[in-house]
Amino acid sequence: MDQLQAMRVFNRVADRGSFARAADELDLSRAAVSAHVAALEKHLGVRLLHRTTRKVSLTSEGAEFLKHSRRILEDLREAEENVRDARSKPEGRLRVDVPGAFGRYLLLPALPAFRSQYPGIELDLRFNDHIVDLVAEQVDVSVRVGHLQQAGLVTRRIAQLRFVTCASPAYLDEFGEPDTPDDLKYHRLLGVVSPNGSPPEWNYPAPYTPKRLMLHFHLQFNTVEAPVIAAASGLGICHPADIMAAEFIANGKIKLILRDFVMPGPPISLVYPSAGHQSAKVRAFSDFAADVMRGWSEAVDRVISAADPEAVDVQGLIGSLVHT
């Protein structure tokens with residue numbers, strides 16, 4: 001027995017006082033309507049309706065069951081409407097997990113525009129530089145860097161990183177500018193220790209492999225933004241992802257060097273638990289985050305290719321995109 005369908009049929013019969021009228025309104029045969037009610041009575045072990053040739057009326061048990069079944073069906077209808085609304089209206093709590101640098105440098109500056117566009121979304125933003133279990137942590141969408149191998153997740157690639165080499169004008173005036181990666185062994189290098197504790201390693205196009213370069217790092221950090229900030233202070237040469245360096249280059253705080261040795265890096269992706277990636281609030285954030293990354297990618301392209309990077313309005317490029 002389809003209990004919910006039987007309850008719906010019973011409610012209609014009780015409301016109309018007729019099997020025939022209920023059958024017409026439900027587009028069922030009278031026999032089918034009778035069978036649903038009979039099955040429900042058998043399941044409950046009580047008679048719900050008094051039947052005569054002229055009239056159908058509720059028994060005392062039927063009246064009590066009608067009251068509760070109406071509430072159940074109304075709660076179900078409301079739940080279905082809420083789910084449909086969640087798929088069509090971008091509102092409600094949204095938990096987002098992002099890498100720290102991405103959140104601080106790219107997402108936070110864009111949040112006023114996001115809040116303006118989607119005031120109904122209650123954003124719960126978490127900064128994490130380690131991979132979390134999206135399902136266990138009840139994360140709706142995560143921004144991840146690198147190639148993903150975790151099963152059961154839906155991914156959307158939104159950008160591709162590149163690694164660039166930079167130093168401050170003051171440092172280059174004092175120590176000179178390297179012409180090839182081989183020259184880096186004569187400079188003060190600023191590196192990032194990997195999450196598993198491995199020492200910094202810079203990659204360049206062949207033949208400039210880490211084994212060939214054997215670079216020594218004068219300063220090491222455990223966050224990706226620290227070497228860029230240190231380089232802007234004149235402490236040495238850094239090798240960051242392009243999105244980390246673009247604004248510093250455009251502001252003249254650091255200079256792009258080794259332009260012929262820009263190295264492709266890992267992708268940036270949006271990641272979702274498979275069950276929730278189609279909700280309106282997740283789609284709204286995903287499209288917005290993709291626009292922010294598109295803005296940064298365009299800005300970075302202009303900075304790297306510009307003869308005068310300081311003439312590039314990085315924030316203006318991004319602002320024009322995230323406010324459309």
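A residue counts as buried when its relative accessible area is under 20%. In helix α1 of this predicted model, the residues A6, M7, V9, F10, N11 and V13 meet that condition.

**Helix α1 and what follows**

The 14 residues of α1 should span 20 Å at 1.5 Å a residue, and the C-alpha atoms at the two ends are 20 Å apart, which agrees. An α-helix has 3.6 residues a turn, so residues three or four places apart point the same way. Just after α1 comes G17, with a positive phi of about 65°.

**Aromatic pairs**

How many aromatic pairs does a search of the whole structure find? The search gives seven. Two of these are set out below.

| Pair | Distance between ring centres | Angle between planes | Kind of pair |
|---|---|---|---|
| F10 and F65 | 5.7 Å | 50° | tilted |
| F114 and F285 | 5.8 Å | 80° | edge-to-face |

The planes of F10 and F65 stand at 50°, so this pair is tilted. F10 belongs to helix α1 (residues 3-16) and F65 to helix α4 (residues 60-88), so the pair ties together parts that are 55 residues apart in sequence. F10 has a relative accessibility of 0% and counts as buried. F65 has a relative accessible area of 18%, and because the limit for buried is under 20%, F65 is buried as well.

For F114 and F285, the planes are at 80°, so the pair is edge-to-face. F114 sits in helix α5 (residues 100-117) and F285 in helix α10 (residues 280-305), so here the parts tied together are 171 residues apart in sequence. F114 is buried, with a relative accessible area of 1%, and F285 counts as buried at 1% relative accessibility. Ring pairs also join F114 and F285 with Y118 and F288 in a cluster.

**Nonpolar cores**

F285 appears again in the largest nonpolar core, which has 50 residues. The residues with the most contacts inside this core are C166, I243, I254, I268, F285 and M293. Several elements supply at least two residues each, including β3 (92-98), α5, β6 (153-163), β12 (263-273) and α10. Which element gives the most to this core? Helix α10 does, with 12 residues.

C166 has contacts beyond its neighbours within four places in sequence; among them are G236, I237, C238, P240, I254 and L256. Apart from the largest core lies another core, of 17 residues, among them A22, A23, V56 and L73.

**The loop before α4**

T59 is found in the loop between β2 (56-58) and α4. Is T59 buried or exposed? At 6% relative accessibility, T59 counts as buried. A polar atom of the T59 side chain lies 2.9 Å from the backbone nitrogen of G62. Setting aside neighbours within four places in sequence, T59 is in contact with R47, L48, L49 and H50.

**Confidence in the model**

The average pLDDT of the protein is 86, and 90% of the residues score at least 70. Where is confidence lowest, and where is it highest? The lowest mean, 52, belongs to helix α11 (residues 314-322), and the highest value, 97, to strand β10 (residues 237-238). Over residues 320-324 the pLDDT is below 50, and this stretch has 12 contacts in the model beyond near neighbours in sequence.

Key
Residues are numbered from 1 along each chain as its sequence is written. Side-chain values use heavy atoms; hydrogens and water are left out. Rings of Phe, Tyr and Trp (its six-membered ring) pair if their centres lie within 6.5 Å; planes under 30 degrees apart count as stacked, over 60 as edge-to-face and the rest as tilted. Helices (H or I, at least four residues) and strands (E, at least two) are DSSP runs, numbered from the N terminus. Buried means under 20% relative accessible area, exposed over 50%, partly exposed in between (1.4 Å probe, protein chains only). A polar contact is a pair of N or O atoms within 3.5 Å; within protein, one must be able to donate a hydrogen and the other to accept it, and residues adjacent in sequence count only if both atoms are side-chain atoms. Contact means heavy atoms within 4.5 Å. pLDDT is the predictor's confidence in each residue, from 0 to 100. A nonpolar core is a set of buried Ala, Val, Leu, Ile, Met, Phe, Trp, Tyr and Cys residues joined through side-chain atoms within 4.5 Å. The expected span of a helix is 1.5 Å times one less than its number of residues.
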